[in-house]
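This report looks at a ligand site and at one serine of a protein model. The structure is shown first.

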Amino acid sequence: MRKHIVAGNWKMNNDLAQTERLIADLKKQSKTSDTEVMIAPTFTNLWQAFQNLRDYKIEVIAQNMHYAENGAFTGEISASMLKSIGVSTVILGHSERRAYFNETDDLLAKKVDAALAENMRVIFCFGEELADRKAENQETVVENQIKNALFHLDADAFNNILLAYEPVWAIGTGETASPEQVQDMHAFIRQILETKYGKNVADSVSILYGGSVKPNNAKEIFSKPDVDGGLIGGASLNAEDFFAIANAF
Ligand code: PEP
């Protein structure tokens, strides 16, 4: 049985006071359910968020990390630094990191290795741009992103990998991929996993969808058989909306 996961990516939003306020709101909304709930505040607020949520079933995760263990990489954070403050899941390959910080598949492969070496879980993001979709090239793009960054791993590594399909044209735009487009892509992803690693791995990896998921569309998207959760941007900044999405399963 695959895990259902709803993760909020706060991006570069919320200073310390705002983080504390949003966490207080999240605590009020939080209730026991089988869906794993995660939030990804900025680096500066991870420790505070972790301390604050110790007794709650809301995991605090990171938005990014560097691949090196330590050293002369000004401005960067390593996997072991995240682990040392209790963070054991990291988002890698978000389209904003790829677009604005030139993160390539090769770089992401190194980051994935570094996170797994620290026994961290990875939410690996990928997705096509609008031009790819218009050219009906989305499957090739997605297949290459997954193969280039992940297919050097052995099957066991997928115990710690969550996938997040995020079509770039649907992120922060208010335009959502239709539930059918999402299902088709998720089924395709499972197919590529099966071809490379076999049915057990393909059936056990959770595949999240991200791209303008809101309380009013979450239920339909999450009802698709190959959709195991969501990576939520904008709507994760409001506790009520975020939990309305998390409770949509
Ligand atoms: C995201 O940034 O991963 C995302 C899905 O954003 P939004 O929900 O705002 O489209």
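The notes below cover the ligand surroundings and then Ser206 in this predicted model.

## Ligand shell

The ligand is surrounded by 14 residues, and the closest are Lys11, Glu166, Gly172, Ser212 and Gly234. Sorted by class, this shell holds eight polar, four nonpolar and two charged residues.

## Polar contacts of the ligand

Oxygen atoms of the ligand take part in contacts with both side-chain and backbone atoms of the protein. From Lys11, a polar side-chain atom comes to 2.5 Å from a ligand oxygen. Gly172 contributes a polar backbone atom, with an oxygen atom of the ligand 2.7 Å away. At Gly233, a backbone N or O atom is 2.8 Å from a ligand oxygen.

The ligand taken alone would expose 290 Å², of which the protein buries 97%.

## Surroundings of Ser206

Ser206 sits in a loop, with helix H9 (199-204) on one side and strand E7 (207-210) on the other. Is this residue, Ser206, buried or exposed? Its relative accessible area is 3%, and the cut-off for buried is under 20%, so Ser206 counts as buried.

The side chain of Ser206 reaches the backbone oxygen of Lys3 at a distance of 2.9 Å. Lys3 is also among the residues in contact with Ser206 once neighbours within four places in sequence are left aside; the others are Arg2, Ile5, Leu162, Leu163 and Asp228.

Technical notes. Residues numbered from 1 in each chain as written. Predicted model: local features only at pLDDT ≥ 70, side-chain atom pairs only at ≥ 80, totals over all residues. Heavy atoms only, no water. Near = heavy atom within 4 Å. Polar contact = N/O pair within 3.5 Å; in protein donor to acceptor, adjacent residues only side chain to side chain. Areas by Shrake-Rupley, 256 points an atom, 1.4 Å probe, with all protein chains shown as cover. Nonpolar A, V, L, I, M, F, W, Y, C, P; charged D, E, K, R; others polar. Helix = DSSP H or I, 4+ residues; strand = E, 2+ residues; numbered from the N terminus. Buried < 20%, exposed > 50% of the residue type's maximum accessible area, 1.4 Å probe, protein only. Contact = heavy atoms within 4.5 Å.
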